[in-house]
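Got the model open in your viewer? Let's walk through it one selection at a time, with a short stop at each place.

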Amino acid sequence: MRVSARADYAVRAALELAAARGGDPVKAEAIAEAQGIPHKFLESILNDMRRARIVVSQRGGHGGYRLAAPPESISIADVIRAVDGPLVSVRGERPPELSYTGPAQSLQPMWIAVRANVRKILGEVSLADVAAAKLPSDVHDLLDLPDSWTNP
């Protein structure tokens with residue numbers, strides 16, 4: 001699985017909003033500066049997140065963006081889907097829509113299992129979890145595997 005720059009920036013922006021004191025609106029410029037995200041690119045990402053009802057915007061001198069719901073109720077998967085669409089696709093298709101023949105027949109269920117595992121982690125971890133550095137035990141279990149920290 002590849003995480004696009006757009007998805008990475010969206011999650012980082014959402015985490016800045018999750019960490020905002022009192023849920024006050026945060027200006028896009030402040031998010032961009034805090035996370036080193038190109039401002040114009042961030043504006044586009046925030047617009048996608050607004051359309052997906054992850055964030056709300058407020059105009060004016062005290063305007064900016066804030067989360068549309070408590071950070072405990074917004075998963076990392078929600079944010080990624082808002083800006084990139086489905087979490088797992090193969091050649092732009094969702095795994096249940098794929099069809100293979102011969103020795104490749106088992107690919108479809110394998111891709112579906114991959115999608116299920118990605119959904120389990122990204123859907124289980126909320127913005128509040130990451131912002132508070134309190135990842136679920138399932139995530140910690142994976143981090144404890146010897147191969148988790150190495151590249152093949």
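Select Pro-70 to begin. With a relative accessible area of 46%, Pro-70 falls between the 20% and 50% cut-offs, so it counts as partly exposed. You'll find Pro-70 in the loop that runs between strand S2 (64–67) and H4. Now add Ala-128 to the selection and draw a C-alpha to C-alpha distance: the two sit 8.2 Å apart in space, although 58 residues separate them in sequence. Keep in mind as you click around that this is a predicted model.

Time to zoom out. Show the whole chain as a cartoon, and you should be able to pick out 7 helices and 2 strands. Follow the chain along its sequence and the order is α-α-α-β-β-α-α-α-α. The C-alpha trace spans about 65 × 30 × 25 Å along its principal axes. If you colour by accessibility, buried residues account for 34% of the 152 in the chain.

Next stop, the start of the chain. Select Arg-2, in the segment before H1. Is Arg-2 buried or exposed? Its relative accessible area is 81%, so Arg-2 is exposed. Select Leu-87 as well: Arg-2 and Leu-87 are 85 residues apart in sequence, yet their C-alpha atoms are 9.6 Å apart in space.

Now for the largest pocket. Its volume is about 220 Å³. To centre your view there, select Met-1, Asn-117, Val-118, Ile-121 and Leu-122, which are the closest to the pocket's centre among the 13 residues that line it. Which helices should you colour to see the walls, each supplying at least two lining residues? Go for helix H1 (5–19), helix H4 (76–84) and helix H5 (107–124). H5 gives the most to this lining, with 5 residues. Colour the lining by class and you get 10 nonpolar residues, 1 polar and 2 charged.

Stay on H5 and show the side chain of Lys-120. This one has two acidic partners to look at, starting with Glu-124: the two form a salt bridge, with the closest N and O atoms 3.2 Å apart. Lys-120 and Glu-124 are separated by about one helical turn because they are 4 residues apart in helix H5. Glu-124 is partly exposed, at a relative accessible area of 28%, and Lys-120 is partly exposed too, at 41%.

For the other partner, select Asp-138. Its side chain meets that of Lys-120 in a salt bridge, at 2.6 Å from N to O. This pair links distant parts of the chain, since Lys-120 is in helix H5 and Asp-138 is in helix H7, 18 residues apart. Asp-138 has 29% relative accessibility, so it counts as partly exposed.

How many salt bridges are there in the whole structure? A search finds 6. Some share partners, and in that way Arg-6, Asp-48 and Arg-51 are joined into one network. Select those three together, then look at one of the links: Arg-51 forms a salt bridge with Asp-48, and their closest N and O atoms are 2.5 Å apart. Both lie in helix H3 (residues 39–51), 3 residues apart, or about one turn of the helix. Switch on a surface and compare the two ends of this bridge. Arg-51 has 54% relative accessibility, so it counts as exposed. Asp-48 has 16%, which is under the 20% cut-off, so this residue counts as buried.

Last selection: keep the surface on and pick Val-130, Leu-135, Leu-143 and Trp-149. What do these four make? They form a nonpolar surface patch of about 370 Å². Click on Leu-135 within the patch, and you are in the loop between helix H6 (127–131) and helix H7 (137–143). Leu-135 has 31% relative accessibility, so it counts as partly exposed.

How values were computed:
Residues numbered from 1 in each chain as written. Predicted model: local features only at pLDDT ≥ 70, side-chain atom pairs only at ≥ 80, totals over all residues. Heavy atoms only, no water. Patch = residues over 30% accessible without salt bridge, like charges linked within 9 Å, V, L, I, M, F, W, Y side chains within 5 Å. Areas by Shrake-Rupley, 256 points an atom, 1.4 Å probe, with all protein chains shown as cover. Buried < 20%, exposed > 50% of the residue type's maximum accessible area, 1.4 Å probe, protein only. 1 Å grid on protein atoms, 1.4 Å probe; cavity = no way out; pocket = protein on both sides within 12 Å on 5 of 7 lines; lining within 4 Å. Points joined across faces, edges and corners; volume = space filled by probe spheres on them. Nonpolar A, V, L, I, M, F, W, Y, C, P; charged D, E, K, R; others polar.
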